[in-house]
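Reader: I've got a structure open and I'm not sure how to read it. Could you walk me through a few features?

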Amino acid sequence: MTAILTEGLTKNFGDLCAVEGLDLSVDKEIFGLLGPNGSGKTTTVLMLTTLLAQTKGSASICGHDTRLDPEKVRDCISYVPQDMAVDTNLTGRENMLIFAWLYGIPNPKDKVDELLAVMELSDRADDLAKTYSGGMRRRLELAEALVHEPEVIFLDEPTIGLDVAARRNIWTHIRKMTRKGMTIFMTTHYMDEADQYCDRVGIISRGKIAALGTPSTLKAHLMKDVITVTIEGDYAPVQLDGSMFVGQSDDSISFTVENGREALPLLADALKQSGNRVKAMSLREPSLDDVFLQSVGKQEEPKGFEEFKFHMMLHRRH
């Protein structure tokens, strides 16, 4: 039985199609859903966790239809949102005991002690959560998510706002979950994390899946080498046989090429002839960032970004 299965999953908000015709099959793996702001990531997660009804199409979790059997779906999943899900005025142990009580866990104290130990929080279990670091609070949220031994866990930006060491620690625990046969469905903006830790990724753009596969396979679909060029001013497009424009980020533009060493001087000449002011050029192998840029293309900044809410969320993590 497939852990997560969607067929033609679609969500409309009036005239806006947030997610269109999503077909996914995810099972016993770490699956990363990547995409720019406003691409449909959160809407997809909300539909899969029964928090938002789809407009059309279907989705099932562990064989249970999200629309017809939402309670059965909730019994076999956990969802860790971006926003903090712990009560900072309670201790770590008290937070855990509340979740154990809500799920009707037998011998809740033993289960809580076990999970606190798994997340390396035993020595701080009786301290108020407000004294925890951002990484500790995130590990407490993961412990809460595991209290009823779910088959599927949804993680929305699990490491956002954390430092490098805390991010690595969180991923250590996430990988341990999959070794126990759990399915992890996550969203992230960190391409390096998706590249290193996800078994497969799906890149969503304007509500549609633009690329799907293992990070290594997606990178292999690009040409062998990547040339990154730093320019001054606006980019004037160029055409060069054997090369393909990938995308632009700030003052850097990227191209994939069949033979990087041969293409580098040819591309430099072509850029200059088109009037580009080249500051620097470098040659490297493709990364998931390149796949992402090629898949989503140029994106407009979504309107209505809640900057205050975003900064408050980051502050609460620390």
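Reader: Let's start at the end of a helix. Which residue follows α1, and what is the sign of its phi?

Author: Keep in mind that this is a predicted model. Right after α1 comes T50, and its phi is positive, near 70°. You can find another case just after α9, where G275 has a positive phi of about 95°.

Reader: Okay, back to α1 itself. Is T43 buried or exposed?

Author: The cut-off for buried is under 20% relative accessible area. T43 has 14%, so it is buried. This residue sits in helix α1, which covers residues 41-48. Looking past its neighbours within four places in sequence, T43 makes contact with K11, F13, A18, V19 and L52.

Reader: How many of the eight residues of α1 are buried?

Author: Six of them are, so the helix is largely enclosed by the rest of the structure. They are K41, T43, T44, V45, M47 and L48.

Reader: And which strands does α1 lie across?

Author: It lies across β1, β2 and β4 (56-61), and it runs at about 120° to β1.

Reader: How should I read the sheet those strands belong to?

Author: Here's the general idea: strands of a sheet pair through backbone hydrogen bonds, either parallel or antiparallel. In this model, four strands make an open sheet in the order β2-β1-β4-β5, with antiparallel pairing. β2 (16-26) and β5 (64-65) are at the edges with a single partner strand each, so one side of each has no neighbour in the sheet. Now zoom in on β1 (residues 4-13): seven bridges join this strand to β2. One bridge to look for is between F13 and L16, the latter being in β2.

Reader: How can I check a helix such as α9 by its length?

Author: Compare the expected span with the model. The 14 residues of α9 (residues 260-273), at 1.5 Å a residue, should span 20 Å, and the end C-alpha atoms are 19 Å apart, which agrees.

Reader: Which residues of α9 are buried?

Author: G260, A263, L267, A268, A270 and L271. A general rule helps you read such a list: an α-helix has 3.6 residues a turn, so residues three or four places apart point the same way. The buried residues of α9 pack against β11 (225-232), β13 (252-257) and β14 (277-284).

Reader: Last one: which residues touch the most other members of the largest nonpolar core?

Author: L34, L140, L155, I174 and M177 do, in a core of 47 residues. Helix α5 (residues 134-146) gives the most to this core, with six residues. There's also a second, separate core of 22 residues, including I4, V26, V45 and F185.

Notes. Residues numbered from 1 in each chain as written. Predicted model: local features only at pLDDT ≥ 70, side-chain atom pairs only at ≥ 80, totals over all residues. Heavy atoms only, no water. Core = buried A, V, L, I, M, F, W, Y, C linked by side-chain atoms within 4.5 Å. Buried < 20%, exposed > 50% of the residue type's maximum accessible area, 1.4 Å probe, protein only. Helix = DSSP H or I, 4+ residues; strand = E, 2+ residues; numbered from the N terminus. Contact = heavy atoms within 4.5 Å. Expected span 1.5 Å × (residues − 1). Pairing = 2+ DSSP bridges. Axes fitted to C-alpha atoms, helices over the stretch in contact; angles between N-to-C directions.
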